[in-house]
Amino acid sequence: MPARRHDRPVRVRGVVVLGERGGAVATLRPISPAEGVSALVGNAIFAGADRLPATFGLVARLAGDVPVYRATVPDHLYAAPRAARDIFELLARLEPSN
């Protein structure tokens, strides 16, 4: 599935967090907003300890506003391209047409 290009900002419609590698095929499962915050906050970039509350608030808002999914992919580098396509296809089935 080719990436769509946009010449202006677009709305975030969901977030995929990579989970542990394993299994024969890529999987995707929705996670709760609370689990989403936990999964996302470690990846948030903030500019110092005084910014941490604001950063945490933004992550919590994101996890509450859009679906967050955990993906697993096979533990083989050669399988990465197929796993990425599979994840995009799984997401496309979950998302209503625009």
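# Exercises on a predicted model

Among the contacts in the protein between residues at least 6 apart in sequence, 75% join residues that are at least 24 apart. The structure is a predicted model, and the exercises below work through its layout, its nonpolar cores and its salt bridges.

**Exercise 1. Describe the overall layout of the protein, from the order of its elements to its exposed surface.**

Step 1. Begin with the secondary structure: the protein has 3 helices and 3 strands, and from the N terminus on these elements run β-β-α-α-β-α.

Step 2. Turn next to the extent of the chain, whose C-alpha atoms fill a box of roughly 45 × 30 × 25 Å when it is taken along the principal axes.

Step 3. Consider burial and surface together: of the 98 residues in the protein, 23% are buried, while the protein exposes about 7400 Å², with carbon and sulfur atoms supplying 59% of that area.

**Exercise 2. Find which residues make up the largest nonpolar core, and state which elements give two or more residues to it.**

Step 1. As background, nonpolar side chains in soluble globular proteins tend to be buried together.

Step 2. In this model the largest nonpolar core has 10 residues in all, namely Val-15, Val-17, Ile-31, Val-37, Ala-39, Leu-40, Val-59, Ala-63, Val-66 and Val-68.

Step 3. Strand E1 (15-18), H1 and helix H2 (52-65) are the elements that give two or more residues to this core, and the largest share, 3 residues, comes from H1.

Step 4. Look at one member closely: leaving aside its neighbours within four places in sequence, Val-68 is in contact with Val-15, Val-17, Arg-29, Pro-30, Ile-31, Gly-36, Leu-40 and Ala-63.

Step 5. Apart from the largest core lies another core, of 7 residues, and among them are Ala-26, Leu-28, Tyr-69 and Ala-83.

**Exercise 3. Trace the salt bridges of Glu-35, and decide whether Glu-35 is buried, partly exposed or exposed.**

Step 1. Side chains of opposite charge can pair when their charged atoms come close.

Step 2. The protein has 6 salt bridges by the rule used here, and one of them joins Glu-35 to Arg-29, with the closest N and O atoms 3.5 Å apart.

Step 3. Glu-35 also forms a salt bridge with Arg-70, where the closest N and O atoms are again 3.5 Å apart. This pair links distant parts of the chain, since Arg-70 lies in strand E3 (residues 68-72) and Glu-35 in helix H1 (residues 33-41), 35 residues apart.

Step 4. Partly exposed is the class between under 20% and over 50% relative accessible area, so Glu-35, at 30%, counts as partly exposed, and Arg-29, at 42%, is partly exposed as well.

**Exercise 4. Explain how Asp-86 and Arg-82 are placed in helix H3, and compare their accessibility.**

Step 1. The side chains of Asp-86 and Arg-82 meet in a salt bridge, with 2.8 Å from N to O.

Step 2. Because the two residues are 4 residues apart in helix H3 (residues 80-94), Asp-86 and Arg-82 are separated by about one helical turn.

Step 3. Asp-86 is buried, with a relative accessible area of 15%, whereas Arg-82, at 46% relative accessibility, counts as partly exposed.

Step 4. Turning back to the earlier residues, salt bridges that share partners join Arg-29, Glu-35 and Arg-70 into one network.

Technical notes:
Residues numbered from 1 in each chain as written. Predicted model: local features only at pLDDT ≥ 70, side-chain atom pairs only at ≥ 80, totals over all residues. Heavy atoms only, no water. Salt bridge = Lys/Arg side-chain N within 4 Å of Asp/Glu carboxyl O. Buried < 20%, exposed > 50% of the residue type's maximum accessible area, 1.4 Å probe, protein only. Contact = heavy atoms within 4.5 Å. Areas by Shrake-Rupley, 256 points an atom, 1.4 Å probe, with all protein chains shown as cover. Core = buried A, V, L, I, M, F, W, Y, C linked by side-chain atoms within 4.5 Å.
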